Amino acid sequence: MLEVRGLRAGYGGVEVLRGIDLSVKAGEIIAVLGSNGVGKTTLNKVLSGVLAADAGEMMFDGRPLQGLSPAEVVEAGLIHVPEGRKIFPNMSVRENLELGSYRRARRNRAANLEKVYATFPRLRERMGQAAGTLSGGEQQMVAIGRGMMAEPRLLILDEPSLGLSPLLVEEMFALIQRLNAEGLPIMLVEQNVVQSLEAATRAYIIENGIVALSGEARALAADPALRRAYLGL
Amino acid sequence: MYSLPIVLEATLNGLLTGAIYALVALGLTLVYGVLHIINFAHGAFLTAAMFAVWMAVTFLGVDPYVAIPFLTIVFFAIGYGAQRFVIGPASHGDDGNILLVTLGLSIVIENILLAVFRADTRTITTDYAFEVVEIGPLLISQARLYGFLAAVVVSGLLWGLLTRTDTGKAIRAVAKEKLGASLVGIDVRHIYAVTFGLGCATLAVAACLLMPIFYVNPRVGQAFVLVAFTIVVLGGMGSIPGALAGGLFIGVVESLTGLFFGDSLGQIGIFIIFILVLLLRPSGLFGARA
Ligand SMILES: Nc1ncnc2c1ncn2[C@@H]1O[C@H](COP(=O)(O)OP(=O)(O)OP(=O)(O)O)[C@@H](O)[C@H]1O
Ligand SMILES: [Mg+2]
């Protein structure tokens with residue numbers, strides 16, 4: 001699905017990513033882990049065309065992503081649910097979801113809206129409410145629902161569990177696995193190492209701008225180096 | 001004291017003029033709400049549109065109301081192009097630069113108009129300029145009544161566009177959340193240009209409505225924009241219902257101040273209100289508290 005090789009990117013001369021290699025195959029959940037400020041969000045921005053890459057290669061469905069505008073990346077079906085949700089606070093829940101299909105899957109808007117409401121009954125109850133006045137958990141539902149409206153071929157989730165109560169975090173991971181079971185490949189960027197490794201098929205650990213460790217999620221969860229560094233065990 | 005019909009008539013006339021003010025303010029507040037800048041070229045674009053109406057009437061013999069659809073499209077295109085190919089690229093995404101670029105643009109437009117038309121004041125004549133409509137005991141200028149109706153229709157259309165169409169929703173999305181908008185595939189630069197184009201299109205309509213009751217010279221837009229700016233602040237920066245209500249309110253204030261204190265003082269009432277709003281409710285009468 002997605003092949004990234006030697007990806008370098010940064011901000012105004014400060015290099016953040018120094019040669020990232022990773023891939024997502026059909027049907028997988030990939031966890032991308034790493035400490036704060038290591039460049040996970042930067043990687044997502046480059047993939048979705050918001051930030052230009054300095055070097056390297058990104059192939060999505062056999063097609064290069066370099067030089068595509070964010071709109072073109074969306075059109076290709078690579079949908080990025082960003083860190084901090086970035087929903088439209090001044091617009092209703094329903095309008096937020098509708099705009100999810102602004103560029104892609106517009107013709108199936110009504111049917112997909114029903115699907116999102118079925119996944120998040122809470123959003124149906126609140127469809128007329130301004131999204132900015134929702135609780136944090138509800139806002140995260142809007143962000144993911146908005147992504148689903150575009151019928152993603154690959155979904156990037158940047159810290160979907162951020163700011164959620166433990167119970168909601170459980171629900172969020174259950175949802176991610178359910179979406180994946182329906183055939184959707186997911187790239188999951190998280191701080192929540194234990195649960196991410198449980199949900200994912202494979203994982204990449206980023207350190208100092210490169211992939212320091214990667215492999216089967218289950219094997220990584222048992223890796224002593226990882227347990228020391230990220231779980232404090 | 002003035003008799004009731006005279007006060008009523010002044011109030012009504014104020015409402016009618018206010019609707020056109022509202023239209024000018026609508027474009028200003030829309031651009032502010034989305035691009036977060038005061039468009040200093042707004043007045044110059046209005047002047048240009050009024051000259052365009054004057055030319056259409058004088059050289060082509062077109063009725064100003066008939067010219068509305070055509071000039072709306074032309075000015076939408078001009079506004080779209082100005083933002084997409086001049087203001088946007090020249091400002092490199094810096095709001096301070098956008099201000100200066102629109103200021104520069106207004107100077108260029110005004111000087112071109114001055115060079116072509118010189119400083120003369122020009123008017124058009126229409127058959128209905130002095131026609132009146134009787135509403136009970138009140139006499140209302142026909143041209144002002146048309147202006148009012150057209151302003152209401154255009155505001156309604158704009159509202160419909162912003163709330164019912166994907167492009168309108170994209171405009172409202174970009175206004176508050178640019179990154180989120182990009183990530184659903186909205187082309188932010190395109191939406192900026194569409195917004196600017198809509199701002200200019202409302203000016204074209206306002207110009208068509210103004211010319212039968214007003215005059216044009218290369219500086220005329222400034223006066224309207226000053227009033228429009230007052231309306232935008234009054235109504236809450238970026239608020240469209242605020243611009244409408246504010247426009248009507250300012251029209252009535254101007255008309256009644258003129259009636260009670262003399263025509264030359266009509267605008268003073270507007271600026272007293274302006275200062276009072278800034279002192280007492282800086283977020284505007286209708287705006288959300290910051
Ligand atoms: N717009 C920007 N301009 C300059 N530097 C930036 C910008 N955005 C991020 N950075 C820097 O790039 C580095 C990587 O940031 P990034 O947001 O990608 O980290 P992250 O891995 O997502 O962290 P977190 O887990 O806290 O979300 C940080 O040092 C950050 O300060
Ligand atoms: Mg991040």
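This report walks through two protein chains, a ligand and one buried glutamate in a predicted model.

## Chain A

Let's start with the fold of chain A, which holds ten helices and ten strands. Its radius of gyration is 17 Å, and this agrees with the value near 17 Å that a compact globule of 233 residues would have. Measured out along the principal axes, the C-alpha atoms fill a box of roughly 45 × 40 × 30 Å.

Inside the chain, 52% of the 233 residues count as buried. If you take the contacts with a separation of 6 or more, residues 24 or more positions apart account for 67% of them. On the outside, chain A exposes about 9900 Å², and carbon and sulfur atoms supply 50% of that area.

## Chain B

Chain B is built from eleven helices and two strands. Following the sequence, you meet these elements in the order α-α-α-α-β-β-α-α-α-α-α-α-α. The radius of gyration of chain B is 19 Å, close to the 19 Å that the globule rule gives for 290 residues, so chain B is as compact as a globular protein of that length. Its C-alpha trace spans about 60 × 50 × 35 Å along the principal axes.

Of the 290 residues in chain B, 54% are buried. Among its contacts between residues at least 6 apart in sequence, 78% join residues at least 24 apart. The exposed area of chain B comes to about 12800 Å², with 70% of it supplied by carbon and sulfur atoms.

## The surroundings of ligand 1

Now to the ligand, whose shell is drawn from chain A. A run of the sequence stands out here: Asn36(A), Gly37(A), Val38(A), Gly39(A), Lys40(A), Thr41(A) and Thr42(A) are among the residues around ligand 1. The shell also includes Tyr11(A), Val16(A), Glu83(A), Glu159(A) and Gln191(A). By character, the shell residues divide into three nonpolar, six polar and three charged. Helix α1 (residues 40-47) of chain A gives the most to this shell, with three residues.

Several oxygen contacts can be picked out on the ligand. One brings an oxygen atom of ligand 1 to 2.5 Å from an N or O atom in the side chain of Thr42(A). Another involves the side chain of Gln191(A), where an N or O atom is 2.6 Å from a ligand oxygen. At Val38(A) the partner is a polar backbone atom, 3.2 Å from an oxygen atom of ligand 1. On its own, ligand 1 has 640 Å² of accessible area, and the protein covers 60% of this.

## A closer look at Glu138(A)

Glu138(A) sits in helix α6 (residues 136-148) of chain A. Is this charged side chain's residue buried or exposed? With a relative accessible area of 5%, Glu138(A) is buried, because the cut-off for that class is under 20%.

Which residues does Glu138(A) touch, leaving aside its neighbours within four places in sequence? The contacts are Arg122(A), Leu123(A) and Arg126(A). With Arg126(A) there is a polar contact between the side chains, at 3.3 Å. A polar atom of the Glu138(A) side chain also lies 2.9 Å from the backbone nitrogen of Ser135(A). As for Val46(A), 92 residues away along the chain, its C-alpha atom is separated from that of Glu138(A) by 27 Å.

Technical notes
Residues are numbered from 1 along each chain as its sequence is written. Chains are lettered from A and ligands numbered from 1 in the order in which they are written. This is a predicted model: local features need pLDDT of at least 70, side-chain atom pairs count only at pLDDT 80 or more; totals for chains, interfaces and linings use all residues. Side-chain values use heavy atoms; hydrogens and water are left out. A residue is near a molecule or strand if one of its heavy atoms lies within 4 Å of it. A polar contact is a pair of N or O atoms within 3.5 Å; within protein, one must be able to donate a hydrogen and the other to accept it, and residues adjacent in sequence count only if both atoms are side-chain atoms. Accessible areas come from the Shrake-Rupley method with a 1.4 Å probe; for residues, only the protein chains shown count as cover. Helices (H or I, at least four residues) and strands (E, at least two) are DSSP runs, numbered from the N terminus. Ala, Val, Leu, Ile, Met, Phe, Trp, Tyr, Cys and Pro count as nonpolar, Asp, Glu, Lys and Arg as charged, and the others, Gly among them, as polar. The radius of gyration is taken over C-alpha atoms; the globule rule is 2.2 Å times the number of residues to the power 0.38. Buried means under 20% relative accessible area, exposed over 50%, partly exposed in between (1.4 Å probe, protein chains only). Contact means heavy atoms within 4.5 Å.
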